[in-house]
Amino acid sequence: MTILLELFYTFLKVGLFSFGGGYGMLSVIQGEVVTRHEWLSAAEFTDIVAISQMTPGPIGINSATYVGYSAVMNATGSEAWAILGSLVASFAVMLPSVVLMLIVSRFFMKYYKHRNVEAVFKVLRPAVVGLIASAALLLMTEENFGSPVGSPLQFGVSVVLFVAAFVAMKFFKASPILILLLAGIFGGVFYSFT
């Protein structure tokens with residue numbers, strides 16, 4: 001099946017060229033899966049990101065697993081092929097990191113204080129912040145946040161939840177898990193009455 005080869009190649013590229021962990025990968029995954037290959041819609045991708053955040057494990061690998069499953073399921077309608085798609089995507093996104101860690105771990109402890117190594121890390125830090133910010137901005141769509149014109153109530157609730165979560169984490173050092181639970185409860189209660 002060509003979709004399995006495309007999934008492998010796509011997620012191998014994501015694993016090779018994404019820095020900053022899973023959140024840094026999200027914008028690259030979305031660009032490949034939603035925009036380039038059109039395997040999923042933006043709404044489906046948003047759902048996958050939400051599920052990936054709630055399930056145990058790294059968000060990048062979880063996203064690859066769910067994207068692989070959904071893309072193959074949408075293409076073939078076969079659950080067995082979809083499971084294979086999730087395995088292929090997960091393996092492909094992890095492969096570069098595993099190989100790189102095996103190589104780097106051999107030399108890192110010997111050279112980690114070297115000025116060239118420190119210079120590389122100084123360059124990568126802003127890039128990682130940029131990738132994470134890009135992922136956040138890509139998820140701030142009208143489907144997710146609403147809009148001041150189209151759906152002002154949803155937009156207002158989204159902004160209030162965003163600001164409250166930011167303040168709770170930044171100034172009160174609240175647990176992200178607690179914030180997710182409280183935001184979910186608030187959203188569920190609020191939207192059940194509207």
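User: How many residues apart are Glu32 and Arg36 in helix 2?

Analyst: This is a predicted model, where local features need pLDDT of at least 70 and side-chain atom pairs count only at pLDDT 80 or more, while totals for chains, interfaces and linings use all residues. Residues are numbered from 1 along each chain as its sequence is written, and side-chain values use heavy atoms, with hydrogens and water left out. Helix 2 is a DSSP run (H or I, at least four residues), numbered from the N terminus. Both residues sit in helix 2, about one turn of the helix from each other, so to speak: 4 residues apart.

User: Which residues are linked with Glu32 in a network of salt bridges?

Analyst: A salt bridge here is a side-chain nitrogen of Lys or Arg within 4 Å of a carboxyl oxygen of Asp or Glu. Glu32 pairs with Arg36 at 3.3 Å between the closest N and O atoms, and with Lys13 at 3.6 Å, N to O. The Lys13 pair links distant parts of the chain, helix 1 and helix 2. So Glu32's network partners are Lys13 and Arg36.

User: Is Glu32 buried or exposed, and what is its relative accessible area?

Analyst: Buried means under 20% relative accessible area, exposed over 50%, and partly exposed in between (1.4 Å probe, protein chains only). Glu32 counts as buried because its value is 14%.

User: What is the angle between helix 1 and helix 5?

Analyst: Axes are lines fitted to C-alpha atoms, for helices over the stretch in contact, with angles from 0 to 180 degrees between N-to-C directions. The two axes lie 7 Å apart, and the angle is about 30°.

Conventions
Helices (H or I, at least four residues) and strands (E, at least two) are DSSP runs, numbered from the N terminus.
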